[in-house]
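Trainee: Got a minute to go through this one with me? I'd like to start with a single residue and work outwards.

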Amino acid sequence: MTEFTARATMRGWARRPSAGRRIAGVVLIAVLLVEIVLAAPYFGGAMSDLYRSNLRWLALAVVAQLLSISAFARGQNRLLSAGGAHVPTRRMVAMTYIANALSVSLPGGVAWSNGYVFRRLRSWGATVPAAGFTILASAVLSTLSFALLALVCAVLAGSGGLSSLAVIGGAAIVAIAALIIRRHHKPDLLIRLASRALTRANRALRRAPDAGLAGLRTAIGELSAIEPRNRDWLAAFSFAELNWIADLACLVACFHAVGGSGSSLILATAAYIAGKAASSLSLLPGGLGVVDAAMIFALTQGGVSTLSAAAIVLLYRLISLALVVALGWLILAITWTGDRRRAARAGS
């Protein structure tokens with residue numbers, strides 16, 4: 001049975017200070033109520049547009065989102081294979097849905113998600129270095145592929161102050177991520193950089209300067225021993241890019257499903273990038289409110305009516321957030337039940 005289950009998740013969260021949970025809950029409810037009051041007129045009108053959605057475009061939006069999740073899972077699976085572990089694709093896809101649900105639904109979701117992925121990969125036979133490399137490398141490639149998408153969008157959007165800034169920022173992220181990928185097997189460089197960071201952290205925490213240094217060197221050495229081939233990197237990067245492109249395609253399909261006027265790929269991409277960038281600024285699950293507002297603002301600035309923009313974003317979020325999270329928790333429940341049954345049969 002896997003070490004990380006729904007019950008373990010709730011036990012871990014239950015151990016946190018109850019006062020902090022209550023305060024966080026009150027703040028979350030207050031913010032959501034304010035957002036509901038402010039957005040009610042727009043989303044009320046948007047719901048009428050959703051009822052008239054084109055079913056073909058709606059189905060295409062759902063398929064695109066499922067393809068996006070599958071692409072991310074396949075990219076991680078290629079990186080895991082480069083580390084010497086082999087896991088069926090269906091297992092990786094199921095794990096991706098669960099990890100996404102944990103990341104979006106729980107406080108500190110990224111930690112829960114990465115912890116779940118690490119333990120699952122270990123339970124499937126991956127070594128500690130292989131599991132760690134898969135998580136780290138997939139995160140770097142995801143950032144790199146998103147930066148490339150933003151860079152292309154900025155170039156196609158034309159010359160302007162904001163576009164130029166996006167080009168510079170995107171190029172910088174691409175260069176840094178590419179350097180990390182190319183240098184990950186250079187342990188001496190990585191150890192020097194990581195040691196400096198660890199020394200400063202130890203100083204700030206008033207610990208011995210070399211505390212944890214031996215373990216750090218061992219971990220970096222093990223990670224550096226994993227050397228994917230160029231075609232492994234290319235395949236994993238292609239899947240990472242497909243993850244973003246398919247997600248964007250879901251938004252474009254939602255645009256057509258509600259009959260949004262003024263549709264253009266550049267506008268949809270700009271709204272998409274605005275929403276993803278805003279998600280890092282929100283403390284609410286799934287970037288609720290902040291992401292939606294950023295996307296609606298970008299669409300209206302491009303000439304889309306407010307009601308149409310609200311309907312487009314609402315439909316996109318129902319598919320890319322609500323549907324995907326619901327599938328993740330459903331798969332987790334099925335997985336947890338199956339693990340318990342297997343453990344019971346093994347113990348009998």
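Trainee: Where does Ser 113 lie?
Mentor: Ser 113 is part of helix α5, which covers residues 109-123. Keep in mind that this is a predicted model.

Trainee: Is Ser 113 buried or exposed?
Mentor: Buried, because its relative accessible area is 9%, and the cut-off for buried is under 20%.

Trainee: What is Ser 113 in contact with, leaving aside neighbours within four places in sequence?
Mentor: Ala 99, Leu 102 and Ser 103.

Trainee: Zooming out, how many helices and strands does the chain have?
Mentor: There are 13 helices and zero strands. Read along the sequence, the pattern is α-α-α-α-α-α-α-α-α-α-α-α-α.

Trainee: What share of the chain is buried?
Mentor: Of the 348 residues in the chain, 41% are buried.

Trainee: And of the contacts between residues at least 6 apart in sequence, what share joins residues at least 24 apart?
Mentor: That share is 74%.

Trainee: Now helix packing. How do you describe a pair in general?
Mentor: Two packed helices are described by the angle between their axes and the distance between those axes.

Trainee: Take α10 and α11, then. What are the angle and the distance?
Mentor: Helix α10 (residues 230-257) packs on helix α11 (residues 265-279) at an angle of about 115 degrees, and the axes are 10 Å apart. The two helices are therefore roughly perpendicular to each other.

Trainee: Is that crossing left-handed or right-handed?
Mentor: The crossing of α10 and α11 is right-handed.

Trainee: Which residues make the contact?
Mentor: From α10, they are Trp 244, Asp 247, Leu 248, Leu 251 and Val 252. From α11, they are Leu 265, Ala 268, Thr 269, Tyr 272 and Lys 276. By type, the residues of this contact divide into seven nonpolar, one polar and two charged.

Trainee: Different topic: how many disulfides does a search of the whole structure find?
Mentor: Zero.

Trainee: Why no bond between Cys 250 and Cys 254?
Mentor: The sulfur of Cys 250 has its closest cysteine sulfur in Cys 254, at 4.3 Å, which is too far for a bond. A disulfide needs the two sulfur atoms within 2.5 Å. The search from Cys 254 points back to Cys 250, at 4.3 Å.

Trainee: Are those cysteines buried or exposed?
Mentor: Cys 250 is buried, at 0% relative accessibility. Cys 254 is buried too, with a relative accessible area of 0%.

Trainee: Back to helices. What about α12 and α13?
Mentor: The axes of helix α12 (residues 290-301) and helix α13 (residues 306-347) come within 9 Å and cross at roughly 140 degrees. That makes α12 and α13 oblique to each other. Their crossing is right-handed.

Trainee: Which residues make the contact there?
Mentor: On the α12 side, Val 291, Asp 292, Met 295, Ile 296, Leu 299 and Thr 300. On the α13 side, Thr 306, Ala 309, Ala 310, Ile 312, Val 313, Tyr 316 and Arg 317. The residues of the contact divide into nine nonpolar, two polar and two charged.

Trainee: Last one: where is Gly 302?
Mentor: Gly 302 lies in the loop between α12 and α13. With a relative accessible area of 40%, Gly 302 is partly exposed. The C-alpha atoms of Gly 302 and Ala 271 are separated by 9.1 Å, and these residues are 31 apart along the chain.

Notes: Residues numbered from 1 in each chain as written. Predicted model: local features only at pLDDT ≥ 70, side-chain atom pairs only at ≥ 80, totals over all residues. Heavy atoms only, no water. Axes fitted to C-alpha atoms, helices over the stretch in contact; angles between N-to-C directions. Helix = DSSP H or I, 4+ residues; strand = E, 2+ residues; numbered from the N terminus. Parallel < 35°, antiparallel > 145°, perpendicular 65-115°, else oblique. Left-handed = near helix turned anticlockwise from the far one by under 90°. Contact = heavy atoms within 4.5 Å. Nonpolar A, V, L, I, M, F, W, Y, C, P; charged D, E, K, R; others polar. Buried < 20%, exposed > 50% of the residue type's maximum accessible area, 1.4 Å probe, protein only.
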